[in-house]
Amino acid sequence: TGAAMSKFASSLTYNVSNYTGKETYEFGDITKATVSKITGKESYEFGDLSKAAVRKASETASSTVKQITGKDEYQFGDLTRSLVSKIRGNASSEQEEDDELKPSDEGGEGEDEKPKPPA
């Protein structure tokens, strides 16, 4: 219907204007606005998107390393030491849980002894 199309066009115009910061749309405005939002720069220079992508990847990697190691500064071997420590810690915790579930020797029967049949 005509009213629905008019409402859609009005909504689209408002949203594009809001996103680009411009009242009138020109071809490429959405791309320019997107590049600006990604790079943080008003004007685009060749390589800006690549630099922004590398920066974001580096920030993400740094954050992940901090979460794993608990350290602000990375030194060679930190990830391996931290992961091995966590694995050993988990293995120790699992072993402790297994030990808690095993029957104790307090019942008089040793682990190697078979239960005696009732007489």
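Modeller: A contact means two residues with heavy atoms within 4.5 Å of each other. This is a predicted model. Among contacts between residues at least 6 apart in sequence, 0% join residues at least 24 apart.

Biologist: What makes up the fold, in helices and strands?

Modeller: The protein has four helices and zero strands. From the N terminus on, the order is α-α-α-α.

Biologist: How much of the protein is buried?

Modeller: Of the 119 residues, 13% are buried. The accessible surface comes to about 10,600 Å². Carbon and sulfur atoms hold 56% of that surface.

Biologist: Why is the pair Asp29 and Lys22 called a salt bridge?

Modeller: The cut-off is 4 Å between a side-chain nitrogen of Lys or Arg and a carboxyl oxygen of Asp or Glu. Asp29 and Lys22 meet at 3.1 Å, N to O. That is within 4 Å, so the pair counts. In general, side chains of opposite charge can pair when their charged atoms come close.

Biologist: Why is Asp29 called buried?

Modeller: Buried means under 20% relative accessible area. Asp29 has 4%, so it is buried.

Biologist: And what makes Lys22 partly exposed?

Modeller: Partly exposed runs between the 20% and 50% limits. Lys22 has 33%, so it falls in that class.

Biologist: How many salt bridges are there?

Modeller: The count is four. Among them is the bridge between Asp78 and Lys71, at 3.2 Å, N to O. Another joins Asp78 and Arg81, at 3.0 Å, N to O.

Biologist: What makes Lys71, Asp78 and Arg81 a network?

Modeller: Salt bridges link these three residues. Asp78 bridges to Lys71. Asp78 also bridges to Arg81.

Biologist: Where do Asp78 and Arg81 lie?

Modeller: Both lie in helix H4, residues 78-101. They are three residues apart, about one turn of the helix.

Biologist: Why do Asp78, Lys71 and Arg81 get the accessibility labels they have?

Modeller: Asp78 has a relative accessible area of 4%, so it is buried. Lys71 has 35%, so it is partly exposed. Exposed means over 50%. Arg81 is at 51%, so it counts as exposed.

Biologist: How do you know whether the span of H3 fits its number of residues?

Modeller: Helix H3 covers residues 48-69, which is 22 residues. It reaches 31 Å from its first C-alpha to its last. At 1.5 Å a residue, 32 Å is expected. The two values are close.

Biologist: Which residues of H3 are buried, and why are they said to line one face?

Modeller: Asp48, Ala52, Val65 and Thr69 are buried in H3. Seen down the helix axis, the buried residues fall within an arc of 155°, so they line one face. On the other side of H3, Lys56 and Gln67 are exposed.

Biologist: What comes just after H3?

Modeller: Gly70 follows, with a positive phi of about 75°.

Biologist: Which residues form the nonpolar patch on the surface?

Modeller: Tyr19, Tyr25, Phe27 and Ile30 form the patch. Together they have about 480 Å² of accessible area.

Biologist: What makes Tyr25 eligible for a patch?

Modeller: A patch residue needs over 30% relative accessible area. Tyr25 is at 48%, so it passes that limit. That value also makes Tyr25 partly exposed.

Biologist: Where does Tyr25 sit?

Modeller: Tyr25 is in the loop between helix H1 (2-20) and helix H2 (29-39).

How values were computed: Residues are numbered from 1 along each chain as its sequence is written. This is a predicted model: local features need pLDDT of at least 70, side-chain atom pairs count only at pLDDT 80 or more; totals for chains, interfaces and linings use all residues. Side-chain values use heavy atoms; hydrogens and water are left out. Patches are made of residues with over 30% relative accessible area and no salt bridge: like charges are joined within 9 Å, nonpolar side chains (Val, Leu, Ile, Met, Phe, Trp, Tyr) within 5 Å. Accessible areas come from the Shrake-Rupley method with a 1.4 Å probe; for residues, only the protein chains shown count as cover. Helices (H or I, at least four residues) and strands (E, at least two) are DSSP runs, numbered from the N terminus. Buried means under 20% relative accessible area, exposed over 50%, partly exposed in between (1.4 Å probe, protein chains only). The expected span of a helix is 1.5 Å times one less than its number of residues. The arc is that of the directions from the helix axis to the C-beta atoms.
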